[in-house]
Number of protein chains: 2
Amino acid sequence: MRVVTAAELARALRRRETSASELVDAALGRIRELNPSLNAFALIDDEGARAAAHLADEQLVAGVDLGPLHGVPVAVKDLIDMAGLPTSCGSATSFGATATEDAEVVRRLRSAGAVIIGKTTLHEFAYGATGDRSVHGASRNPTDPSRMSGGSSGGSAVAVAAGMVPLALGTDTAGSVRVPAALCGVVGLKPAYDAVPSTGVYPLAPTLDHVGLFAATSEDALIGYQAISDRPLSLQSGTFSVGWIAPESIAVTDPRIDELTRQFVVSAGFTIDIVQGFPTWQRRQSLFEIFSTLQGREAFRVHEHHLDADADLIDPEVRARLHHGREISDQLYARADEARLELRVIVDELLSTYDVLALPTVPIVAPAVGDRSVLVAGTDLEVRRALLSLTSPWNLAGSPAVSVPTGRLDGLPIAVQLITAPGNEGLLFAAARNLEIALAK
Amino acid sequence: MRVVTAAELARALRRRETSASELVDAALGRIRELNPSLNAFALIDDEGARAAAHLADEQLVAGVDLGPLHGVPVAVKDLIDMAGLPTSCGSATSFGATATEDAEVVRRLRSAGAVIIGKTTLHEFAYGATGDRSVHGASRNPTDPSRMSGGSSGGSAVAVAAGMVPLALGTDTAGSVRVPAALCGVVGLKPAYDAVPSTGVYPLAPTLDHVGLFAATSEDALIGYQAISDRPLSLQSGTFSVGWIAPESIAVTDPRIDELTRQFVVSAGFTIDIVQGFPTWQRRQSLFEIFSTLQGREAFRVHEHHLDADADLIDPEVRARLHHGREISDQLYARADEARLELRVIVDELLSTYDVLALPTVPIVAPAVGDRSVLVAGTDLEVRRALLSLTSPWNLAGSPAVSVPTGRLDGLPIAVQLITAPGNEGLLFAAARNLEIALAK
């Protein structure tokens, strides 16, 4: 499907070829057509969107131009507060709650003139990579609705992939932006830790949580990032060094995905080195175990009150995951935290050797909705663990990371992930742009 | 919660104390607040509703009065066609489909001036009594959101019970209106077979399907019924005879529900006889098996093409149910059809002895979302079978039946079911009204 980008809409708006109100109507029309089966939106704020669009149009007519998002429809993951609307967190435990203030990131989007269409479906409490356990049902992959969207920000990925909106906010604690972006075939950005404020965003595991975004192109991701981050961004060009991390050194990966994504990066004109050091390090303790210990304990602390008060309202799988976190001792958490620091040292070293690290975003294609195990290269994998295995290390490290589509395998999207050091985000956008040009050829 | 009835709204509209547009805004506000956790609506047609309300207001100002539904917000189960909107049937198999014409029942609602707010969540294909297997997730019981709404018309029951709209359409093949009405504490009406046209309504089992409705009161149910049925209705009063069917003669029933509902009917001033004959008859073959054979085979025929084309998109539980229907032979179906005729003879005889038959609507209170077995009086019951056991006989018989709330047990709604002969619907409304007066005392 031909997806209209935010950048194109911005140009059309300024040429008066369309209006923000027309764009809202078009977005609502597409949502109306596709949402009943894809489940991207949990709440459609038609009234708020129409009012915002009306204001945006009046401003443009009056010569007030708030920048490239002015008048552009966007969507917000439904664990990010919007004043006057409920924040469901994908959970029935939210029953009756309404946010009184906008999250800071929503405030920034509005200041940039963006028109927020509604709140998107997520895996309950953002605590799941499959996107199929939510009070609103599974969000579904637009390429094949029998397949999962991935999660937890599944609805935002679907909203962009299905052409409902060009830009959508998500959050990423273990891969919750990059995984659904990869499975649905759109760009997914997890900025550096703390580069985007999390005020008004319901936490999952505070030391690992990142607010991120989805876009059809890296250009749109850049526009979105500039609106929600206040860190200066230096746009770089020229050649830069790329270190390829063999995904098998981290987790079992479909060898065809490894091969296709690596070849794709090379075909886009990058010279790659195969990174040494990552594999040696992680033999002692799996990265995902370190990650799970930190996340499990933090998520339990965040949601402990739900287990006391509303346990019956929580999806059994999510509830079991929360209960498991109760068992993680202080000692175990402290040991995992030390391992996290060791990883950060290794990643820092690698990112002083290479400008950008690259590896597949996800080691498998989108499994069927509801599937919990998948056979890859003769190995039976647990779906959640597989989905998050290659993304969660960069939540441990806090590094900026972007997932970029690289084509299809078995008819389903696959993607490469690019990682850089905080401050070098410009490189990510430049590298992603090169990949997109190669893909379009 | 204080629910405003359609009848009250009709009076307020004519006194110019409110407008149809105000009522739409109020309904949308309540939906916005509660829908993210209760999941009553799959699609909110704000645009269509606002346009319809605007027209209704203009007509009222111009002196055109279409009757008691003029300007009143209503909801429609999402397997009933509305032109220009998708009909999801609660299923991802609906991907991309949009209805081109209104169902006849929708056309009649519009002719009566009703303002349709949106489409409500249902159990996939209407093939489930639990209301918790849908592409949109479980609809949830407003009394306790950890409990099921019942189904298949769960969203419509929730929409009325939560005060989102005073009236909602559903369909009832085995109890899909009456069961969620009982579990959520609202009035649920299954008219006589063929009393309401099913053109534009996606079938489940054509010889058992009935279009019905939900309302907060029997007065509203009467208003709704008169709008969608073209059969003349004689409103009766005076005394009439009530035959109580001991629910245990049909299926295992929580003895407290049997006791409470029967006492309630007596306390409302009715003299009841305990019906003989029903138990004797059904020893040979359980009514639910007869019903299941007929429904299973018909539902398989209706959805056979989905099993060929989109099996992966169907919820596994619903898919297994459809597959089971494939195994039902012509002989088995014919034998069940003969048993249905025998039942009809028995019901006809009973309804020549008694004006109204009565029994609990559902033998249990609402189970937790996702539960598939429940312990009642020491017996482990399959939830679906239990939910439908006391309602499905009246789909076999084609008799008009209404479920009326009779209070609570363990904090959850319970209800009594009243059945009469086609043509005597006026008795149902009169009897229901008597019960409501008794409940309000």
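Reader: Let's start in chain B. Where is B:Ser152 placed?

Author: B:Ser152 is in the loop between strand E3 (115-120) and helix H5 (154-161) of chain B. Keep in mind that this is a predicted model.

Reader: What kind of peptide bond joins B:Gly151 and B:Ser152?

Author: A cis one, with omega at about 5 degrees. In chain A, the bond from A:Gly151 to A:Ser152 is cis too, with omega near 10 degrees. A:Ser152 sits in the loop between strand E3 (115-120) and helix H5 (154-161) of chain A.

Reader: And phi? Which sign does it have at A:Phe125?

Author: Positive, about 60 degrees, although A:Phe125 is not a glycine. The residue lies in the loop between E3 and H5 of chain A. Its partner in the other chain, B:Phe125, also has a positive phi of about 60 degrees, and is found in the loop between E3 and H5 of chain B.

Reader: How do I read accessibility here? Is A:Phe125 buried or exposed?

Author: Check the relative accessible area against the cut-off: buried means under 20%. A:Phe125 has 2% relative accessibility, so it counts as buried. B:Phe125, also at 2%, counts as buried as well.

Reader: On to the two chains. How can chain B be laid on chain A?

Author: With a turn of 180 degrees and a shift of 0.0 Å along the axis, at an RMSD of 0.0 Å. The two copies are therefore related as by a two-fold rotation axis. In chain B, the C-alpha nearest that axis belongs to B:Gly137, 1.8 Å from it.

Reader: How should I think about the size of the interface?

Author: The size of an interface is often given as the accessible area lost when the parts come together. Between chain B and chain A, about 2800 Å² is buried, and carbon and sulfur atoms give 55% of that. B:Arg32, B:Pro36 and B:Phe95 supply 25% of the area that chain B buries against chain A, more than any other three residues.

Reader: How many residues does each chain bring to the contact?

Author: There are 32 residues from chain B and 32 residues from chain A. Of the interface residues of chain B, 100% are also interface residues in chain A, so the copies meet through the same surface.

Reader: What about polar links across that interface?

Author: The count is 8 salt bridges between the two chains, and 10 residue pairs are in polar contact (both at pLDDT 80 or more). Helix H2 (20-38), strand E1 (41-44) and helix H3 (46-61) of chain B each supply at least two residues of the side that touches chain A. H2(B) gives the most to that side, with 6 residues. By type, the residues on this side of chain B divide into 14 nonpolar, 10 polar and 8 charged.

Reader: Can you show me one of those bridges?

Author: Sure: B:Arg50 pairs with A:Glu47 in a salt bridge, with the closest N and O atoms 3.0 Å apart. Both residues belong to a network of salt bridges that draws members from each chain, including A:Asp25, A:Arg32, B:Asp45 and B:Asp46.

Reader: How many salt bridges does the structure hold over all chains?

Author: It holds 56 over all chains. One of them joins the side chains of A:Arg108 and A:Glu104, at 2.9 Å from N to O. These two are 4 residues apart in helix H4 (residues 104-111) of chain A, so about one helical turn separates them. A:Arg108 and A:Glu104 are buried.

Reader: Which salt bridge pair links distant parts of a chain?

Author: B:Asp65 and B:Arg14, whose side chains meet at 2.7 Å, N to O. B:Asp65 is in the loop between H3 and strand E2 (73-77) of chain B, while B:Arg14 is in helix H1 (residues 6-14), 51 residues apart. With 43% relative accessibility, B:Asp65 counts as partly exposed, and so does B:Arg14 at 30%.

Reader: One last item: how do I read the surroundings of a buried residue?

Author: Try A:Asn395, in helix H14 (residues 393-397) of chain A. A:Asn395 has a relative accessible area of 0%, so it is buried. Leaving aside neighbours within four places in sequence, its contacts include A:Asp172, A:Arg178, A:Lys190, A:His210 and A:Phe291.

How values were computed: Residues are numbered from 1 along each chain as its sequence is written. Chains are lettered from A and ligands numbered from 1 in the order in which they are written. This is a predicted model: local features need pLDDT of at least 70, side-chain atom pairs count only at pLDDT 80 or more; totals for chains, interfaces and linings use all residues. Side-chain values use heavy atoms; hydrogens and water are left out. Copies are superposed by least squares on the C-alpha atoms of residues with pLDDT of at least 70 in both. Contact means heavy atoms within 4.5 Å. Buried area is the accessible area (1.4 Å probe) that two parts lose on being put together, summed over both. A salt bridge is a side-chain nitrogen of Lys or Arg within 4 Å of a carboxyl oxygen of Asp or Glu. A polar contact is a pair of N or O atoms within 3.5 Å; within protein, one must be able to donate a hydrogen and the other to accept it, and residues adjacent in sequence count only if both atoms are side-chain atoms. Ala, Val, Leu, Ile, Met, Phe, Trp, Tyr, Cys and Pro count as nonpolar, Asp, Glu, Lys and Arg as charged, and the others, Gly among them, as polar. Buried means under 20% relative accessible area, exposed over 50%, partly exposed in between (1.4 Å probe, protein chains only).
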